[in-house]
Amino acid sequence: MTIELYAYNTPNGRKISVALEEMELPYTVKVIDITKGQQMDPAFLKISPNNKIPAIIDSEGPGGAPVSVFESGAILIYLGEKTGKFWPAEPRVHIQVLEWLMFQMGGFGPFPGQVHHFLQVENEQDRRYGLERYSKETRRLYGVMDRRLAGRDYFAGDISIADFAILGWAWRHERHQVDLADFPEVRRWYDRMMTRPGVKRGFEVKLS
């Protein structure tokens, strides 16, 4: 069994390469170069109806039949359910994992992603408004994470898919102009996560 990972070197792509390494699942990488519009290829559209990376094909899906999965959050849940790893069964902890996964999908991803965008806008007036708006919200989200991690090693009990999801975007903190020294609990968590062998392999695998 080998999973095919369709991805590029982005936070969302790295979430999945890290999860696959941590779960010790065999996989191959098919780079989708979004800078060249390869995500719009009709063949990729069959796998990812929203023309976004990442996506996977699992040759041994439910019932032993191949299955494709798109959207990084859905992929993380699928892999967690498939392996039973980083996906706690205890109901209260399970709820927390889902909460922090959705926190990332709905906030800590879209907002720093907009920071990335407005940093590249040439018109000063347009850039100033967007950058101020989305940078302020991005820093607020870091504050939410900092408070959550006070007295905790991970976001939901033991390390989980929620940590992999959030790590993908925290990895780009310099790009969205955030100094982790301002958020010491996030810094502590980030440093711990980045020393894990599986995480290291997940960031080292070639995605571009």
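Helix axes are lines fitted to C-alpha atoms over the stretch in contact, and the angles between their N-to-C directions run from 0 to 180 degrees. The model analysed here is predicted. In this model, helix α1 spans residues 11–22 and helix α9 spans residues 197–204. The two helices pack at an angle of about 135°. Their axes lie 7 Å apart. The angle makes α1 oblique to α9, because angles over 145 degrees count as roughly antiparallel and those from 65 to 115 as roughly perpendicular, with the rest oblique above 35 degrees. The crossing of α1 and α9 is right-handed.

Residues from both helices build this contact. Helix α1 contributes R14, S17, V18, E21 and E22. From α9 come G198, V199, R201, G202, F203 and E204. By class, the residues of the α1–α9 contact comprise 5 charged, 3 polar and 3 nonpolar.

A second packing region involves helix α5, residues 110–119. Its buried residues are P112, V115, H116 and F118. These buried residues of α5 pack against α6 and α7.

The α6 and α7 helices also flank a loop. Helix α6 covers 124–149 and helix α7 covers 161–170, and A150 is found in the loop between them. The relative accessible area of A150 is 41%. A150 is therefore partly exposed, as this class lies between the 20% limit for buried and the 50% limit for exposed residues. In sequence, A150 and R188 are 38 residues apart. In space, the C-alpha atoms of A150 and R188 are 9.8 Å apart.

Terms used. Residues numbered from 1 in each chain as written. Predicted model: local features only at pLDDT ≥ 70, side-chain atom pairs only at ≥ 80, totals over all residues. Heavy atoms only, no water. Helix = DSSP H or I, 4+ residues; strand = E, 2+ residues; numbered from the N terminus. Left-handed = near helix turned anticlockwise from the far one by under 90°. Contact = heavy atoms within 4.5 Å. Nonpolar A, V, L, I, M, F, W, Y, C, P; charged D, E, K, R; others polar. Buried < 20%, exposed > 50% of the residue type's maximum accessible area, 1.4 Å probe, protein only.
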